[in-house]
Amino acid sequence: MMAAGAIAATNHHGSRRRWKASRSDYERGSWNNSDEGPNSAWLCIFTVVGTILVSVGGWYGWSSFSDPRATNVAIYNQWVDNWVAPGTGGRAAIERTTFSYRVVSPLATTKACPCQDACGADAACKEACEPCSPVTMEEVDPRGERAQAVAWSEFAKASDDSAGGGLHHLSALNAANNASDIKTYDPLVLEMDHIFPAEPVGTWDGGKWTGAKWVLEVKAEEAGKPPLQFLLNDRAGDKPGVALLKEIPTHANSKMCRLHHNNNMHDHQCWDRVAANKVCMLLNHSAEDSWQQATGANGADGQFGCRVTVGNFPDAEVTYSTYCPDSPARLSPAYTQSCDFSRLQFVVRSGTDPYVLVRQFTKGTMDLGSTPAQTWWQGVIMVTVGCLLLCPGVALSVNSLLEARRMRAAQNRSAHQFHDVAAGAQRVSMDTATSDEEVGFYDRSKGGPHAPPP
């Protein structure tokens with residue numbers, strides 16, 4: 001009973017002392033101004049991010065023992081060999097083929113202006129007449145007799161940067177891959193400009209351009225094989241041709257439309273005014289059928305543009321932009337109504353061009369992958385940074401384990417301090433007593449515990 005009372009008194013005294021200390025800390029504001037919450041949040045973030053970096057870095061290190069980039073480079077180099085092969089390569093196929101084009105609609109039409117004709121050379125008389133243009137652009141049937149009488153114009157063959165993608169793209173590929181093992185080649189593309197008018201005829205009627213679509217016909221002729229002849233953008237359910245100007249809807253509310261889309265809001269929708277920026281087509285060559293359109297997953301009437309879509313298929317032949325062709329001028333309902341479309345490039349490329357193939361292969365990134373050394377160092381960097389972020393968490397964990405061990409030791413010592421409270425005995429500290437054997441309650445020679453000496 002006396003021992004139990006001593007233990008109860010000791011525990012009550014300790015709990016009262018801890019309560020006083022806690023109250024004192026609260027009054028000093030150490031709890032009110034504590035940063036424990038934000039610190040814990042940052043510690044969790046560092047731990048999660050560090051764990052992810054170490055895991056990914058380890059995977060990079062493991063991946064560095066293989067070299068998928070070498071396989072990709074070998075594939076690309078094989079494309080280059082196929083392109084430059086004498087007689088059978090893609091470049092040779094372009095060189096022995098004649099590519100031509102013609103504009104079949106709209107066509108220039110001459111009409112009489114009676115008032116102006118009667119005035120002769122009298123300028124004042126002509127000014128008094130109603131406006132009349134002797135030459136107008138008239139839409140005609142692109143397959144009609146008048147359209148088929150238009151003469152063909154031959155494409156220019158070029159192999160420099162001005163042709164829209166030879167050396168410049170190869171330099172970008174080499175820079176992206178830091179590659180001396182990537183083969184180079186001489187590209188060959190077909191390009192024409194000054195096909196479309198500098199000032200197209202038409203006006204804006206609200207959000208619709210009243211100008212005509214420009215219909216182009218393309219022909220590829222190779223000796224001894226049937227020619228390829230087609231109208232650009234000739235698809236079922238759509239009128240063939242190139243719309244030089246148009247508006248496309250954009251996902252923006254009234255505020256964003258006012259700030260970023262020139263406040264072009266009508267028909268309860270925000271619109272962007274765009275212009276045709278480039279016309280580029282891909283044609284594939286085969287030994288049997290000569291040339292054919294490089295259609296994607298859309299069938300025979302699919303798109304065969306030079307760009308690569310998300311699905312890794314050819315995009316539309318005509319690309320549009322809010323900027324005018326080859327110009328920093330941006331279309332706006334407020335100040336820029338039209339563009340100089342004589343700068344619009346009309347390009348034809350071979351589907352076997354290594355640049356086209358590698359762009360499709362890499363989904364537009366032009367990156368064939370990292371070398372094993374690059375992958376290894378990327379992994380080392382991520383593991384190092386991850387370990388640095390894990391250091392605070394590891395340090396606090398070790399400190400918590402040591403603190404828990406100290407607390408258990410203190411509890412073991414306090415559990416063996418007995419005082420004869422009733423007899424008024426003085427407290428005796430037994431700091432070194434950490435077990436029953438050391439305080440005399442356990443005798444190894446007798447094989448078990450025994451009563452303390454009187």
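A residue is termed buried when its relative accessible area is under 20%, exposed when over 50%, and partly exposed in between. In the predicted model described here, F361 has a relative accessible area of 37%, and therefore counts as partly exposed.

F361 also takes part in an aromatic contact. The whole structure contains 11 aromatic pairs. In one of them, W79 and F361 meet edge-to-face, with 5.7 Å from centre to centre and 80° between the planes. This pair connects distant parts of the chain, since W79 belongs to helix α3 (residues 68-84) and F361 to helix α10 (residues 354-361), 282 residues apart.

Another pair is formed by Y101 and F155, whose ring centres are 5.2 Å apart and whose planes stand at 55°, so the arrangement is tilted. Distant parts of the chain are again linked: Y101 lies in strand β1 (residues 97-105), whereas F155 lies in the loop between β4 (153-154) and β5 (156-158), 54 residues apart. Y101 and F155 are both buried. Through ring pairs, Y101, F155 and F346 are joined into a cluster.

Aromatic rings also lie beneath charged side chains. K246 is placed over the face of Y320, 4.1 Å from the ring centre. Over the ring of W204 sits the charged end of R273, at 3.8 Å from the ring's centre.

On the surface, a nonpolar patch is made up of W42, I45, F46 and V49, which together have about 360 Å² of accessible area. Within this patch, F46 is part of helix α2 (residues 36-63). The relative accessible area of F46 is 30%, so this residue is partly exposed.

How values were computed:
Residues are numbered from 1 along each chain as its sequence is written. This is a predicted model: local features need pLDDT of at least 70, side-chain atom pairs count only at pLDDT 80 or more; totals for chains, interfaces and linings use all residues. Side-chain values use heavy atoms; hydrogens and water are left out. Patches are made of residues with over 30% relative accessible area and no salt bridge: like charges are joined within 9 Å, nonpolar side chains (Val, Leu, Ile, Met, Phe, Trp, Tyr) within 5 Å. Accessible areas come from the Shrake-Rupley method with a 1.4 Å probe; for residues, only the protein chains shown count as cover. A salt bridge is a side-chain nitrogen of Lys or Arg within 4 Å of a carboxyl oxygen of Asp or Glu. Helices (H or I, at least four residues) and strands (E, at least two) are DSSP runs, numbered from the N terminus. Buried means under 20% relative accessible area, exposed over 50%, partly exposed in between (1.4 Å probe, protein chains only). Rings of Phe, Tyr and Trp (its six-membered ring) pair if their centres lie within 6.5 Å; planes under 30 degrees apart count as stacked, over 60 as edge-to-face and the rest as tilted. A charge sits over a ring if NZ of Lys or CZ of Arg is within 6 Å of the ring centre and within 35 degrees of the ring normal.
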